[in-house]
There are 2 protein chains.
Amino acid sequence: MKLEQVSASRCFEGTQAVYRHASQATASPMRFAIFLPPQAATARVPVLYWLSGLTCTEENFVVKAGAQRVAAELGVALVAPDTSPRGLKLPGDRDDWDLGEGAGFYVDATCLPWSAHYRMYSYVSEELPELVAASFPVDAARAGIFGHSMGGHGALVIGLRNPSRFRSISAFSPIASSMRCAWGEKALTTYIGDDRTQWRDYDATALIEDHGWSGPPLLVDQGAADPFLDAQLRPELLEEACARRSVPLVCHRRDGYDHSYHFIATFIESQLRFHAKYLA
Amino acid sequence: MKLEQVSASRCFEGTQAVYRHASQATASPMRFAIFLPPQAATARVPVLYWLSGLTCTEENFVVKAGAQRVAAELGVALVAPDTSPRGLKLPGDRDDWDLGEGAGFYVDATCLPWSAHYRMYSYVSEELPELVAASFPVDAARAGIFGHSMGGHGALVIGLRNPSRFRSISAFSPIASSMRCAWGEKALTTYIGDDRTQWRDYDATALIEDHGWSGPPLLVDQGAADPFLDAQLRPELLEEACARRSVPLVCHRRDGYDHSYHFIATFIESQLRFHAKYLA
């Protein structure tokens, strides 16, 4: 669990850093970015985990979302892991942009050759929070989780399955039902296998259908001009499941906005303030 | 001068776009990014030109600085050109990261093989503002200029030499005296030649020494932990020249901050508000 600092820059009077460590969950080196707000110099602060989308590394959110300004004001730490193990050279792990490297899908793979390493569910839900709590001045009891696209799916799935670990959950443009879109079907078939009953624990909509949700409201921002909206993201499936199970969900459809970080940057402040309410 | 849109995304209720065009100044295709704030839907808005540093394209500022949020509030357009022509395959134009592609230094080259294309001074001071004014709802009479590192040098030089074109000038971590640092000496020798008297028009400190300045105060933000501070940037030279010529200069040394966009993002709001005062 030893941490090695890759970089650190002062940012909004706090520190934006990247660390590398040997992960037990993925049996590989992993990187994550962490922003510590100025308040962390004198007290343990709440912490928000951000999960990125397909092809991203730990860097995208850090440089593109503009989250540090608001996090510094609110006194919240931000942790952004990479989206998969890297450099393993497993067969096929770099052939497709939507599978293998950059596409861990936040599952624990059970199929070969992925099962020894592609265990991003365990990494994000257990190992990373424990490592962060042990290494930085954050208050693990006040943690939330959010993310974008594949990472929105990851945030919903990991948040819904770990209510004792994460108090608040939100997402930008999430893959609302991984079982019912091409990206998710490809990933789940490859990592988990053909038995679709095994997929439901990695599908936000199925989790709501199967277990409901008694935590705080879920928040989703979705660009109405997102080119992946109808075929891959399908927020209406999550809305229908939430309605059936009386789960409070606020899903904003934002006119004219696409799938890019320009959309995320525009609404990151409102999502950060949403989480801060529950992490205070 | 025909413009081709490369991309466009809604961003803070405005539009962040990238365009490509055939430049006369550089006799090559050029790209620039433009953010139009929501106010541009109904009126001509002031415009701020951002010049980026070594190795950057038109993209860096757009995705990393977090400027659009404040520009949308202030109703200011942001234009960020690339830092050189690209794809020409001139001898040596991609051998070094600090010369040729990504390193136009905002000069009009007079030496071969650069002189036909490396004319970023004319591009930024004349062609681009005229193209932007003719193509977008901006008010060319209310323009300012700023930039970072090599682009801070460019903003100071182009702003000081074109007071009728740019009302306000600021810089992050500028190369304060291009004649007196290794980056600048290499670029000026290569692009302009060995006669150092020809360099003074491309040196912000020399321009102040030679001509003074009767425009509004100059604003500089400089990270005190910037690794390039002492050898390349040398803001004290600009401060000394301004003091001698009674030119108002505010130079903030920001404790702990480095040369990265994390530094820029932290103080971009205060520089944007500085310009807005003069562009109102």
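Biologist: Why is E58(A) called buried?

Modeller: Its relative accessibility is 8%, and buried means under 20% relative accessible area, exposed over 50% and partly exposed in between, with a 1.4 Å probe and protein chains only. So E58(A) counts as buried. Keep in mind that this is a predicted model, where local features need pLDDT of at least 70 and side-chain atom pairs count only at pLDDT 80 or more, while totals for chains, interfaces and linings use all residues. Side-chain values use heavy atoms, with hydrogens and water left out, residues are numbered from 1 along each chain as its sequence is written, and chains are lettered from A and ligands numbered from 1 in the order in which they are written.

Biologist: What makes E58(A) and R31(A) a salt bridge?

Modeller: A salt bridge is a side-chain nitrogen of Lys or Arg within 4 Å of a carboxyl oxygen of Asp or Glu. The closest N and O atoms of E58(A) and R31(A) are 3.7 Å apart, so the pair fits that rule.

Biologist: And why is R31(A) called partly exposed?

Modeller: R31(A) has 29% relative accessibility, so it falls between the two cut-offs.

Biologist: How do you know that D82(A) and R86(A) meet in a salt bridge?

Modeller: Their N to O distance is 2.6 Å, therefore the pair is within the limit. D82(A) is buried because its relative accessibility is 4%, whereas R86(A) is partly exposed at 28%.

Biologist: What about D82(B) and R86(B) in chain B?

Modeller: They form a salt bridge too, with the closest N and O atoms 2.6 Å apart. D82(B) counts as buried at 5%, and R86(B) as partly exposed at 28%.
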